[in-house]
Amino acid sequence: MKINKTNIVNLILIVIFVIALIVAMVTFGKNLTILINSPDKFRQWIHSFGKLGIIVFIGVQILQVVVFVIPGEVVQIAGGYLFGTFLGTLYSVIGITIGSLICFLIARVLGYNFVRSIVSEENLEKFDYIINNPKGEVILFLLFFIPGMPKDALSYIAGITPVKFYNFFIITLFARLPGVFFSAYIGANLGNKNYFMAGVVAIIAVLLFLIGVYKKDFIMEKLKKL
């Protein structure tokens, strides 16, 4: 029986990927729970690393994108809560961009079958029209820009499209920036106990998110016609 070297390499890479995720979750899993349940304790944990706290936070943001279990907005709000609007946005964008590029490269190397194993069949079917679409880059930008879309899963799906690495870097960097900024702004106001402003912006963000969620199918039908 002839052994397919490509399949062996892919299998090894999948095993390495799974081991890396397990190690990351064992290392950070408990503290990700703290992030949701107690922002103050999460802040204390980040600050306990001193100057390395920024690197740890960026690492948490990368992990959130790669694993995409915890909603990205939670970590982005935490970024504003910890570091303020500007720096919170900056550190989150760095982490999100690195995480998205990792997802993209993993999918590009391991291919469609791997993406199908980690992305829900529903999402894969909904976004399959961008895989061989000549206007895939424009559609990807709009999908990353619109609130309520499963952006982290989209990073994996983007890896099996013809979109070039550099172009995807530009797309994920700029399309996600406005949403990250508003999340960090909410977190910064919560940290400063400016609950009124945080509430106003949060309500607007939630409304936009809900519109994106409930109008997702309508939006995607329009994008298919581009």
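Rings of Phe, Tyr and Trp (for Trp, its six-membered ring) are taken as a pair if their centres lie within 6.5 Å, and planes under 30 degrees apart count as stacked, over 60 as edge-to-face and the rest as tilted. The model shown is predicted, with local features needing pLDDT of at least 70 and side-chain atom pairs counting only at pLDDT 80 or more, while totals for chains, interfaces and linings use all residues. Residues are numbered from 1 along each chain as its sequence is written, and side-chain values use heavy atoms, with hydrogens and water left out.

**View 1. Aromatic rings, from a linked cluster to edge-to-face pairs.**
Phe104, Phe144, Phe165 and Phe168 are linked into a cluster by ring pairs. The structure holds 10 aromatic pairs, among them the edge-to-face pair of Phe57 and Phe83, whose centres are 5.4 Å apart and whose planes meet at 70 degrees. Because Phe57 belongs to helix 3 (residues 53-67) and Phe83 to helix 4 (residues 72-83), this pair ties together parts that are 26 residues apart in sequence; helices here are DSSP runs of H or I with at least four residues, numbered from the N terminus. Phe57 is buried, at a relative accessible area of 0%, where buried means under 20% relative accessible area, exposed over 50% and partly exposed in between, computed with a 1.4 Å probe on protein chains only. Another edge-to-face pair joins Phe181 and Phe182, at 5.7 Å centre to centre and 75 degrees between the planes. Phe181 is partly exposed at 38% relative accessibility, and Phe182 is also partly exposed, at 46%.

**View 2. The salt bridge between Arg176 and Asp152.**
The count comes to 1 salt bridge, defined as a side-chain nitrogen of Lys or Arg within 4 Å of a carboxyl oxygen of Asp or Glu. In this bridge the side chains of Arg176 and Asp152 meet at 3.2 Å, N to O. Distant parts of the chain are thereby linked, with Arg176 in the loop between helix 10 (165-175) and helix 11 (177-191) and Asp152 in helix 9 (residues 151-158), 24 residues apart. Side chains of opposite charge can pair when their charged atoms come close. Both Arg176 and Asp152 are buried, and helix 9 is mostly covered, with 8 of its 8 residues buried, including Lys151, Ser155 and Tyr156.

**View 3. The surroundings of Thr89 in helix 5.**
Thr89 lies in helix 5 (residues 85-110) and is buried, its relative accessible area being 7%. Apart from neighbours within four places in sequence, Thr89 is in contact (heavy atoms within 4.5 Å) with Gly84, Leu177, Val180, Phe181 and Ala184. An unreviewed UniProt entry places the feature "transmembrane region" at spans including residues 82-107 and 138-158, although such annotations may be inferred rather than shown by experiment. Over residues 82-107 the chain is 96% helix and 0% strand, with end C-alpha atoms 32 Å apart.

**View 4. The surroundings of Phe141 in helix 8.**
Phe141 lies in helix 8 (residues 136-145) and counts as partly exposed at 33% relative accessibility. Beyond neighbours within four places in sequence, Phe141 is in contact with Ile171, Phe174 and Ala175. The C-alpha atoms of Phe141 and Ala175 are separated by 5.8 Å, although these residues are 34 residues apart along the chain. The span of residues 138-158 is 76% helix and 0% strand, and its end C-alpha atoms lie 12 Å apart.

Terms used. Helices (H or I, at least four residues) and strands (E, at least two) are DSSP runs, numbered from the N terminus.
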